[in-house]
Amino acid sequence: MADNTIEALRVLQVGIEAVKAVGTLTLAVQPTAADTFTIGETVYTWVASGANEEGEINVGADLAAAKVNIVAAINGTDGWNSINPYATAGAFVSNDLPITAKIPGTGGNLIVFTETFVSGSNIMNGSGVLGGTTPGSMARGTPVVATARLAVETLEWGDDDENQYKPRVANGVLVRNRGPSVAVQHGTRFTLPEQAAIWEQLPLWFSMLFGPPVLSGDAGGPYTFTWTADPDANPNPFAVTLQRRFSNGLGNNVDERASYAMLDDFGLSFAVNEHLRLNAAGFARRFNTSAITPALTLPDFEVLVSALSTIYIDDIWANVGDTLLASQVIGWNLNLLPGIFPRHTAEGRTDLDFTKHQLNGDNRGMDLELTCLLDPTTYAAEQAKANAGDFRAVRVRVTGADSRQLDIDMAMRHANTGLWAPGVDEGQDTVTMMLEDSTDFTNLIEITLTLPETYLVA
């Protein structure tokens with residue numbers, strides 16, 4: 001049974017339901033040495049000959065050669081330039097080169113896209129940012145092909161209790177029922193039961209919570225993703241298309257797809273002497289059979305290690321990350337709730353799908369449970385802050401190899417007031433602090449993630 005592998009038994013793939021920003025670089029004449037253009041934070045400079053440094057491009061023998069060289073430079077195939085982390089170069093159509101953002105959605109419209117060409121015939125469209133040809137936008141509910149394969153232990157969806165509608169097809173009448181299931185099911189939930197948290201997949205999960213990240217970093221990395229939630233504004237999260245395959249390892253495959261999939265619950269938790277654990281849940285518009293995108297492979301990945309996490313608590317947002325709870329935290333659980341839900345409306349839709357998602361502010365926020373050794377000084381200080389209802393600026397930090405770092409900064413207050421009853425762990429006195437979301441009317445949550453590559457946004 002050579003094919004009976006974990007990959008053959010279970011496959012999960014994902015595509016982001018959003019439109020990528022596209023700009024056009026027009027190269028109508030051969031560039032002049034010292035001409036420059038910028039994509040994101042990478043500045044490219046044309047040189048007469050002998051280009052061999054990051055950002056350098058040979059002008060070439062003629063215009064045709066220059067066109068070949070510019071595509072190779074942006075896509076990192078010329079031997080000295082790194083792959084541009086912000087955008088990819090397509091193929092010239094006459095003198096026009098499409099430049100497409102790697103991160104789909106509205107975030108691509110913020111990518112710097114400028115030039116200083118001597119020739120007025122060589123230009124970059126737009127107003128200094130990408131998106132002059134096609135603005136980036138969300139396209140929730142439009143199924144897309146998968147662009148990445150995920151490493152997860154399992155994904156559950158489509159159980160009888162989770163599907164809100166099952167069309168009865170025997171007589172062609174659509175009614176609510178608990179009869180035999182059919183290929184298309186409308187309104188379903190999905191869950192990722194607790195499993196290893198993986199660095200390379202965090203950009204996807206956080207974007208499904210908070211929308212497109214702001215990306216920064218020079219070509220070659222490392223790269224920093226930043227997500228910020230405004231307490232006064234609606235979030236703009238990604239929706240995705242999920243593809244799942246089951247197989248018995250003998251070539252008997254069952255392919256399924258869920259579109260307009262969004263997260264409404266996400267958690268990270270400390271596991272003693274193990275990796276950090278991740279759990280998530282959400283909803284999707286439609287669940288049906290559909291062939292998965294072929295030829296996607298599982299990328300190399302690293303897990304987040306619990307012992308490499310630290311917790312900081314400070315009095316004001318400006319000082320977040322200053323005060324470490326050193327040698328005290330023996331366990332923590334963080335839950336992020338975006339507050340979104342699917343809205344079903346009576347509008348004569350024969351497909352029974354919901355048409356939009358909405359926000360319930362009462363369900364938006366963060367919960368953090370800290371299990372700490374009972375240090376009298378910290379205990380007394382934090383209990384006084386809790387009883388006074390004081391603002392707490394909390395940072396959860398996790399570090400990893402190759403410049404990986406995750407900072408989750410949150411505006412919070414203690415949820416448990418009064419006297420905190422001590423507990424016992426391995427014969428040691430402990431105390432459990434419960435913190436919940438708050439705000440100073442400016443800040444709510446900011447996530448900063450540094451990685452060596454721009455994963456899951458290609």
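## Accessibility and the basis of the model

A residue is called exposed when its relative accessible area is over 50%, and buried when that area is under 20%. The structure described here is a predicted model, and the burial classes below follow the stated cut-offs.

## Helix H4

Helix H4 covers residues 376-388. Its 13 residues should span 18 Å at 1.5 Å a residue, and the end C-alpha atoms are 18 Å apart, which agrees. Thr 378, Tyr 379, Glu 382, Gln 383 and Ala 386 are the buried residues of H4. Viewed down the helix axis, these buried residues fall within an arc of 120 degrees, so they line one face of H4. Such a pattern can be read against helix geometry: an α-helix has 3.6 residues a turn, so residues three or four places apart point the same way.

Pro 376, Thr 377 and Ala 388 are exposed on the other side of H4. The cover over the buried residues includes E20, strand E23 (392-399), strand E24 (405-414) and strand E26 (428-437). After the helix comes Gly 389, with a positive phi near 70 degrees.

## Glu 382 within H4

Glu 382 lies in helix H4. Its relative accessible area is 6%, and Glu 382 is therefore buried, since the cut-off is under 20%. The side chain of Glu 382 makes a polar contact of 2.5 Å with the side chain of His 414.

Leaving aside residues up to four places away in sequence, Glu 382 touches Ile 313, Arg 392, His 414, Trp 420 and Met 433. His 414 thus appears both in this list of contacts and as the partner in the polar contact.

## Helix H2

Helix H2 comprises residues 63-74. At 1.5 Å a residue, its 12 residues should span 16 Å; the end C-alpha atoms are 17 Å apart, which agrees. At the N-terminal end, Asp 62 acts as a cap, with a side-chain oxygen 3.3 Å from the backbone nitrogen of Ala 64. H2 is followed by Gly 76, whose phi is positive and near 70 degrees.

The buried residues in H2 are Ala 66, Lys 67, Ile 70, Val 71, Ala 72, Ala 73 and Ile 74. They pack against E3, E4, strand E5 (42-47), E6, E7 and E8.

## Two open sheets

One open sheet consists of four strands in the order E6-E5-E4-E9, with mixed pairing. Strand E6 (56-58) and strand E9 (113-116) stand at its edges; each has a single partner strand, so one side of each is left without a neighbour in the sheet. From one strand to the next, the twist averages 20 degrees. E4 and E9 run antiparallel and are joined by four bridges, and Thr 36 stands opposite Thr 116 in E9.

A further open sheet has four strands in the order E7-E8-E3-E10, and its pairing is antiparallel. Here strand E7 (87-89) and strand E10 (123-124) occupy the edges, each with a single partner strand, so one side of each lacks a neighbour in the sheet. Three bridges connect E7 to strand E8 (residues 96-101), and the two run antiparallel. Thr 88 has Thr 100 in E8 as its bridge partner.

## Strand pairing around E14

Strand E14 (residues 185-196) is joined by two bridges to strand E13 (residues 156-157), and the two run antiparallel. Glu 156 stands opposite Thr 191 in E14. E14 is also joined to strand E19 (residues 277-289), by nine bridges and again in antiparallel fashion. The bridge partner of Thr 188 in E19 is Ala 284.

## Backbone exceptions in loops

Most residues other than glycine have a negative phi, and most peptide bonds are trans. Ala 34 has a positive phi of about 90 degrees although it is not a glycine. Ala 34 lies in the loop between strand E3 (22-26) and strand E4 (36-39), and its relative accessibility of 57% makes it exposed. Ala 295, also not a glycine, has a positive phi of about 70 degrees. The loop between E19 and strand E20 (309-314) holds Ala 295, which counts as exposed at 76% relative accessibility.

The peptide bond joining Gly 221 and Pro 222 is cis, with omega about 0 degrees. Pro 222 is placed in the loop between strand E15 (214-216) and strand E16 (223-229).

Definitions and conventions: Residues are numbered from 1 along each chain as its sequence is written. This is a predicted model: local features need pLDDT of at least 70, side-chain atom pairs count only at pLDDT 80 or more; totals for chains, interfaces and linings use all residues. Side-chain values use heavy atoms; hydrogens and water are left out. Two strands pair if DSSP finds at least two bridges between them. Buried means under 20% relative accessible area, exposed over 50%, partly exposed in between (1.4 Å probe, protein chains only). Axes are lines fitted to C-alpha atoms, for helices over the stretch in contact, and angles run from 0 to 180 degrees between N-to-C directions. The expected span of a helix is 1.5 Å times one less than its number of residues. The arc is that of the directions from the helix axis to the C-beta atoms. Contact means heavy atoms within 4.5 Å. A polar contact is a pair of N or O atoms within 3.5 Å; within protein, one must be able to donate a hydrogen and the other to accept it, and residues adjacent in sequence count only if both atoms are side-chain atoms.
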